[in-house]
Structures are given as structure tokens and as C-alpha cells.
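Here are a few short exercises to help you find your way around a structure you haven't met before. Try each task yourself, then read the worked solution below it.

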Amino acid sequence: TMLRDHQAAMARLARLSGAEFDRAFLEHEQAFHKAVLDAVKGTLLPAIQNKELKDFVASLGPAFEAHRVMAVHLQSKVAE
């Protein structure tokens, strides 16, 4: 589902330019990062048995959250 959604978003973004592209791109980034975080927390982490792998995957969460927050922040600036 995520792959199909991503492909559709890329096709949509390819048709846009300027401020319209900026808004759509930031909206996509915000949604994409949220979807990844939800998948990691709800599916991947509960399923991983190896502690080292689980710790590694968990350590990636803050970077994805920071990217999501930055997209939200930039989206509010672009909307002004």
C-alpha cells in the first residue's frame, strides 16, 4: 500500500510546480513520515525478536519524527 501511495504521490508531484509543488510535497512528506512511524511502532517493532535489530530500528524513530516535524513547520510557512 505504501509503495502504491508513494508512486501516486510522485506522479502527482511531477505535474506540479512552484508553490503548488511545495505545498503538495510537504503534505506528502508529512504523511509519509507518519505512515513509516506508524508501521515501525505498530508492526515492525512488535514483530522483531532480535534485541540488537529491535534497538537499531527503534533508534531510527527520532530522525523520522524530526523530519515529520520539519515538514509540518515548513508547511505552515509555505501556507503563509
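**Exercise 1. Work out how the overall size of the protein chain compares with that of a compact globule.**

Start with the benchmark: for 80 residues, a compact globule would have a radius of gyration near 12 Å. Now take the value for the protein chain, which is 15 Å. Keep in mind that this is a predicted model. Next, look at the box around the C-alpha atoms: along the principal axes, they fill roughly 45 × 25 × 15 Å.

**Exercise 2. Describe the fold in terms of helices and strands, then check how far apart in sequence the contacting residues are.**

First, count the elements: the protein chain has 3 helices and 0 strands. Reading along the sequence gives you the pattern α-α-α. Then turn to the contacts with a separation of 6 or more: 63% of them are between residues 24 or more positions apart.

**Exercise 3. Sum up the surface and the charges of the protein chain.**

Begin with burial: 20% of the 80 residues count as buried. The exposed area comes to about 5,800 Å², and carbon and sulfur atoms supply 62% of that. For the charges, you should find 10 positive and 10 negative side chains. The centres of those two sets lie 3 Å apart.

**Exercise 4. Find the largest nonpolar core and see how one of its members is packed.**

The core to look for has 5 residues, namely Val36, Val40, Leu45, Ile48 and Val57. Helix H2, residues 18-47, gives the largest share of this core, with 3 residues. Now pick valine 57 and skip its neighbours within four places in sequence: what's left in contact with valine 57 is Val40, Leu45 and Ile48.

**Exercise 5. Three residues sit in helix H2: histidine 28, phenylalanine 21 and lysine 41. Sort them into buried, partly exposed or exposed.**

Take histidine 28 to begin with. Its relative accessibility is 13%, and buried means under 20%, so histidine 28 counts as buried. Leaving aside neighbours within four places in sequence, histidine 28 touches His6, Ala9 and Met10, in the sense of being in contact with them.

Go on to phenylalanine 21. Its 28% relative accessibility falls between the 20% and 50% cut-offs, so phenylalanine 21 is partly exposed. With the same neighbours within four places left out, phenylalanine 21 is in contact with Leu13 and Leu16.

That leaves lysine 41. Exposed means over 50%, and lysine 41 has a relative accessible area of 57%, so lysine 41 is exposed. You can also place lysine 41 relative to valine 57: the two are 16 residues apart along the chain, and their C-alpha atoms are separated by 9.6 Å.

**Exercise 6. Locate alanine 63, classify its exposure, and find its C-alpha distance to histidine 33.**

Look in helix H3, which covers residues 51-79, and you'll find alanine 63 there. Its relative accessibility is 40%, which lies between 20% and 50%, so alanine 63 counts as partly exposed. Finally, go to histidine 33, which is 30 residues away from alanine 63 along the chain. The C-alpha atoms of this pair are separated by 9.9 Å.

Technical notes
Residues numbered from 1 in each chain as written. Predicted model: local features only at pLDDT ≥ 70, side-chain atom pairs only at ≥ 80, totals over all residues. Heavy atoms only, no water. Helix = DSSP H or I, 4+ residues; strand = E, 2+ residues; numbered from the N terminus. Rg over C-alpha atoms; globule rule 2.2 N^0.38 Å. Buried < 20%, exposed > 50% of the residue type's maximum accessible area, 1.4 Å probe, protein only. Contact = heavy atoms within 4.5 Å. Areas by Shrake-Rupley, 256 points an atom, 1.4 Å probe, with all protein chains shown as cover. Lys, Arg positive; Asp, Glu negative; His and termini not counted. Charge placed at Lys NZ, Arg CZ, Asp CG, Glu CD. Core = buried A, V, L, I, M, F, W, Y, C linked by side-chain atoms within 4.5 Å.
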